[in-house]
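This report goes through the computed geometry of one protein chain, from single residues to side-chain pairs and helix packing. The model itself comes first.

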Amino acid sequence: MAYVGGLPSSHKVLMEKIANRLAEDGHDVYFMLGEEFNCKGVFKTITYPAVPDDMGIDMQQFKKDLTTGLSMERVYYSTTKAFSSICEKLVANHDFLQSVKRKNFDLVFIDMNDACAYLLVEYLGTR
């Protein structure tokens, strides 16, 4: 399984390439990502509600800051706040996590910049 945190990024593009390559080579690959992401590939997907309404950030301002690069401190703060909120919602969704755990994944690829990914791997009992 490949896991991508709750905000779109170049990290998703890289994970998508890895998942596609593994699936093309005959592996049974699942790509876990937020439901609002568009994802194309020969792999299967597991989706979860990625962007809760109550993240407490102004998404319009966040996108503007991200594209202009004028307020990287605000981008970092907003990203951290968003990832924390998304992770909190994901970890609290016990039914969803149990359904993922029942798939008995041998290996999970994660984005090392997303702390929630480490919690997910620990919960699933994978490497």
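At 35% relative accessibility, threonine 80 counts as partly exposed, because that class lies between the buried limit of under 20% and the exposed limit of over 50%. Threonine 80 is part of helix α3. Its C-alpha atom is separated by 9.9 Å from that of alanine 115, and the two residues are 35 residues apart along the chain. The model is a predicted one.

**Overall layout**

Five helices and three strands make up the secondary structure of the protein chain. Read from the N terminus, the order of elements is β-α-β-β-α-α-α-α. The chain has 127 residues, and 39% of them are buried. Among contacts with a separation of 6 or more, 56% are between residues 24 or more positions apart. The accessible surface amounts to about 8,000 Å², and carbon and sulfur atoms account for 53% of that area.

**Salt bridges**

Searching the whole structure gives two salt bridges. One of them joins arginine 21 and aspartate 25, where the closest N and O atoms are 3.4 Å apart. Arginine 21 counts as exposed, because its relative accessibility of 52% is over the 50% limit.

The side chains of lysine 44 and aspartate 28 also form a salt bridge, with an N to O distance of 2.3 Å. This pair links distant parts of the chain: lysine 44 belongs to strand β3 (residues 44-48), aspartate 28 lies in the loop between α1 (10-24) and β2 (30-34), and the two are 16 residues apart. Lysine 44 is partly exposed at a relative accessible area of 39%, whereas aspartate 28 is exposed at 54%.

**Asparagine 20 and lysine 40**

Asparagine 20 is located in helix α1. Is asparagine 20 buried or exposed? Its relative accessible area is 16%, so asparagine 20 falls under the 20% limit and is buried. Leaving aside residues up to four places away in sequence, asparagine 20 touches Lys40, Gly41, Val42 and Phe43.

Lysine 40 sits in the loop between β2 and β3. With a relative accessible area of 69%, lysine 40 is exposed. On the same basis of leaving out residues up to four places away in sequence, lysine 40 touches Glu16 and Asn20. The C-alpha atoms of lysine 40 and asparagine 20 are separated by 8.7 Å, and the residues are 20 residues apart along the chain.

The relative accessible areas of several residues are listed here.

| Residue | Relative accessible area | Class |
|---|---|---|
| Asparagine 20 | 16% | buried |
| Aspartate 28 | 54% | exposed |
| Lysine 40 | 69% | exposed |
| Lysine 44 | 39% | partly exposed |
| Asparagine 104 | 61% | exposed |

**Helix α4**

Which residues of helix α4 are buried? In this helix, residues 94-101, they are Phe96, Leu97 and Val100. These residues lie on the same side of α4, because they cover an arc of only 95° around the axis. The exposed residues His94 and Asp95 are on the face of α4 that is turned away from its buried side. The cover over the buried residues of α4 includes β2, β3, α3 (72-92) and α5 (115-124).

**Rings and the loop between α4 and α5**

The count of aromatic pairs comes to two. One of the pairs is edge-to-face and consists of tyrosine 30 and phenylalanine 105, with 5.5 Å centre to centre and 75° between the planes. Tyrosine 30 is in strand β2 and phenylalanine 105 in the loop between α4 and α5, so the pair ties together parts that are 75 residues apart in sequence. Tyrosine 30 and phenylalanine 105 are both buried.

Asparagine 104 lies in the loop between α4 and α5. Asparagine 104 is exposed, with a relative accessible area of 61%. Its phi is near 50°, which is a positive value in a residue other than glycine.

A charge also sits over a ring: the charged end of lysine 101 is 4.9 Å from the centre of the ring of tyrosine 123.

Conventions: Residues are numbered from 1 along each chain as its sequence is written. This is a predicted model: local features need pLDDT of at least 70, side-chain atom pairs count only at pLDDT 80 or more; totals for chains, interfaces and linings use all residues. Side-chain values use heavy atoms; hydrogens and water are left out. A salt bridge is a side-chain nitrogen of Lys or Arg within 4 Å of a carboxyl oxygen of Asp or Glu. Buried means under 20% relative accessible area, exposed over 50%, partly exposed in between (1.4 Å probe, protein chains only). Helices (H or I, at least four residues) and strands (E, at least two) are DSSP runs, numbered from the N terminus. The arc is that of the directions from the helix axis to the C-beta atoms. Contact means heavy atoms within 4.5 Å. Accessible areas come from the Shrake-Rupley method with a 1.4 Å probe; for residues, only the protein chains shown count as cover. Rings of Phe, Tyr and Trp (its six-membered ring) pair if their centres lie within 6.5 Å; planes under 30 degrees apart count as stacked, over 60 as edge-to-face and the rest as tilted. A charge sits over a ring if NZ of Lys or CZ of Arg is within 6 Å of the ring centre and within 35 degrees of the ring normal.
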